[in-house]
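This report covers three parts of a two-chain structure. They are a helix, a strand with its neighbours, and the contact between the chains.

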2 protein chains.
Amino acid sequence: MTSDGLHLGILGGGQLAQMLALAALPLGVRVTVLEPDALAPARLCATHLHAPYTDAAGLDTLAGCDAVTLEFENVPVEALDALQGRVPVRPGGTLLQRSKHRAREKEELRAAGAQTAPFVVVETEADLDGALAAIGGQGILKTSELGYDGKGQARVSDGDGLRAAWDSMGRVPCVLEGLIAFEREVSVAVARTPDGQTAFGPLVENVHKGGILRTSVFLPDDPQEARAHEIAGRVAQAWVLEGLMTLEFFQLPGGELLVNEVAPRVHNSGHLTQDGGGVGQFEAQVRAVLGLPLADWQPLHPCAMVNIIGVEGRTPDWAGVDALPGTHLHLYHKAWRAGRKLGHVNLVAPDERSLRERLAQLETLIP
Amino acid sequence: MTSDGLHLGILGGGQLAQMLALAALPLGVRVTVLEPDALAPARLCATHLHAPYTDAAGLDTLAGCDAVTLEFENVPVEALDALQGRVPVRPGGTLLQRSKHRAREKEELRAAGAQTAPFVVVETEADLDGALAAIGGQGILKTSELGYDGKGQARVSDGDGLRAAWDSMGRVPCVLEGLIAFEREVSVAVARTPDGQTAFGPLVENVHKGGILRTSVFLPDDPQEARAHEIAGRVAQAWVLEGLMTLEFFQLPGGELLVNEVAPRVHNSGHLTQDGGGVGQFEAQVRAVLGLPLADWQPLHPCAMVNIIGVEGRTPDWAGVDALPGTHLHLYHKAWRAGRKLGHVNLVAPDERSLRERLAQLETLIP
């Protein structure tokens, strides 16, 4: 099996699809994306089928690819149904259904032997009674479907607050998660081919700001990495993953890892693998989806990532970013909008100390 | 000055243009190439103006870019004339005229203080007499213009051979170069912005096979690097370079460096910088041409490159390449043809010993 001449279809044409295409091209793989946004980032480096995700002609074109993958989990069921049996869609419908539904995801994580925060499903008014007590008195109410980057979430600490939060979310099905006193948030990705090869990405430490990922840091030889890989591998096997999946964890003070969220794809926290000297997460997803040989993807030296997010009235100090040693700019060609992810800067350094120093400088340059 | 939203034009749409575009996109830079080949590699990641290099409408589009660069030196004069005064073309006509003419290039290298092999210009029959004696009795006859990858070259060691070689080249203007007993061939690139900032690429050691580059190797702290940078910097200043230029050197047993050839652009020997963790040569050219801040671009660890060249009846062991640690595949999406450069594999390793071991394996996998 060689990558040369293969054709990959992607549902979605945002920055993840753009970076998947940038990673696929050097493998000899052509990319076609189906994406309704005329100005989608991936249009610059892929054939862009400019149509709704459910467009019959667009889906016919994707059906002619060697495999189809996706850059977001909320793919319409009609699109998956239209491709069913005509082209491998990886990950497939079962795994995607799980990703779209927080409660089911948590239940199936536990079934696979992974730990999660305590949680209660809130679907009816009656579910509100005793819900907070069951998860430790304080929690975060999250809509079961369609939440991302802190949207559709509210922190609650008493019964009235819980009721008000549920009302404000339109009383849709929700999950109330217990608040975890974690030491840090980390993530790893796992890739698995249809024939059962698995490989792993590096353990990365993440810092969020206002519900959106702000920085990720990779340092070689993290003591939690082996355990995170073990959990990720177990879930990938149990869920019969085809493709790449990212697990976000809360690390408790004792070192224990609770799975917080799962994304059935490359993830913002893995962007730093693009410039670490090893294979990047985007290439790993392309390989896994096309059934090509896999190997663990690990940066060869310390590296970090800082997201560039639109902030009213402030722009990054671009010259400062360019002048800082070890920076790699990644812009997505998206129109500026407050709160929008517009790009990221990867940072590499020969050792931890210089990485920390440069990262502190970089954070002052990007508002 | 920020790269975000800039538009770069490229004359030529081959693999160098493809890799320039792949490096430009993450900077927020859009790319348009003018290229008559419908199946040009760059079509996959740039807007492709599918027309001759002298096409008026195509050149009008390029004239609307922020700057225009090129991936080959033999750009038709008409194209340069049409762009003159409308958009910065970098490098500009003077430097390109020099690159297209071996004898003038060598004379101007010497004028800039760089050393070259001894040479004699052969333009008339009379120039053949005494030519071999003047350069040490043995030499290589090269056409003054349009030669590359060993084409338009012949090794000669006596008067009859010289005459026959010149006849076979159609008696076009040639340069007879003295044969150099060199210890190794190395190269470096230098970038210079219009406002005079300069920066340098790593010193790379090159091995040719059948006149075509086969492997390049970078090891940190090469003792000749400082000297190579000094020469490259001197030439870049003297020639008022705008853009990026690669110098190939013969290193004599005493350590002295003679300039063999100059390419006014990124070069096959610099491909290994793509996966070295530092900035790559393609990004360096984009930055220099657009007048963005520069910094030396250096891999952070040992790395190497092996070209994939079409060989009748043999294909690379793709699975073996994928399975070897530290490999990064770069295919150009070109149709197979014997002797054609179809792609390359970059190789990274934590230390010199493992680089050498992996490189030896990689060479057996790529015929």
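Two strands are said to pair if DSSP finds at least two bridges between them. The model discussed here is predicted.

**A strand and its partners in chain A**

Strand 13 of chain A, residues 243-251, is largely enclosed by the rest of the structure, because 9 of its 9 residues are buried. Buried here means under 20% relative accessible area. The strand pairs with strand 9 of chain A and with strand 14 of chain A, as the table sets out.

| Partner of strand 13 of chain A | Sense | Bridges | Residues standing opposite |
|---|---|---|---|
| Strand 9 (residues 184-192) of chain A | antiparallel | 9 bridges | Val186(A) and Phe249(A) |
| Strand 14 (residues 257-263) of chain A | antiparallel | 6 bridges | Phe249(A) and Val259(A) |

Phe249(A) therefore appears in both rows: it stands opposite Val186(A) and also opposite Val259(A). In a regular strand the side chains alternate between the two faces of the sheet. Strands 13 and 14 of chain A form a hairpin with 5 residues between them. In this hairpin, Gly255(A) takes a positive phi near 105 degrees.

**Helix 8 of chain B**

Helix 8 of chain B runs over residues 225-238 and has 14 residues. From its first C-alpha to its last it reaches 20 Å, close to the 20 Å expected at 1.5 Å a residue. Its buried residues include Glu225(B) and His229(B), along with Ala228(B), Ile231(B), Ala232(B), Gly233(B), Val235(B) and Ala236(B).

What do these buried residues pack against? Their contacts within chain B are helix 5 (102-111) and five named strands: strand 9 (184-192), strand 10 (198-200), strand 12 (212-218), strand 13 (243-251) and strand 14 (257-263). Just after the helix, Val240(B) takes a positive phi of about 50 degrees.

**The contact between the chains**

Chain B gives 31 residues to the contact and chain A gives 30 residues. Together the two chains bury about 2700 Å², with 62% of this area on carbon and sulfur atoms.

Polar features also cross the interface: 8 residue pairs are in polar contact, both residues at pLDDT 80 or more. The interface has 2 salt bridges by the rule used. A salt bridge joins the side chains of Arg287(A) and Asp322(B), at 3.1 Å from N to O. On the side of chain B that touches chain A, the elements giving two or more residues are helix 10 (318-323) and strand 16 (327-331) of chain B. Strand 16 of chain B gives the most, with 5 residues.

Technical notes:
Residues numbered from 1 in each chain as written. Chains lettered and ligands numbered in written order. Predicted model: local features only at pLDDT ≥ 70, side-chain atom pairs only at ≥ 80, totals over all residues. Heavy atoms only, no water. Helix = DSSP H or I, 4+ residues; strand = E, 2+ residues; numbered from the N terminus. Expected span 1.5 Å × (residues − 1). Buried < 20%, exposed > 50% of the residue type's maximum accessible area, 1.4 Å probe, protein only. Contact = heavy atoms within 4.5 Å. Buried area = accessible area lost by both parts, 1.4 Å probe. Salt bridge = Lys/Arg side-chain N within 4 Å of Asp/Glu carboxyl O. Polar contact = N/O pair within 3.5 Å; in protein donor to acceptor, adjacent residues only side chain to side chain.
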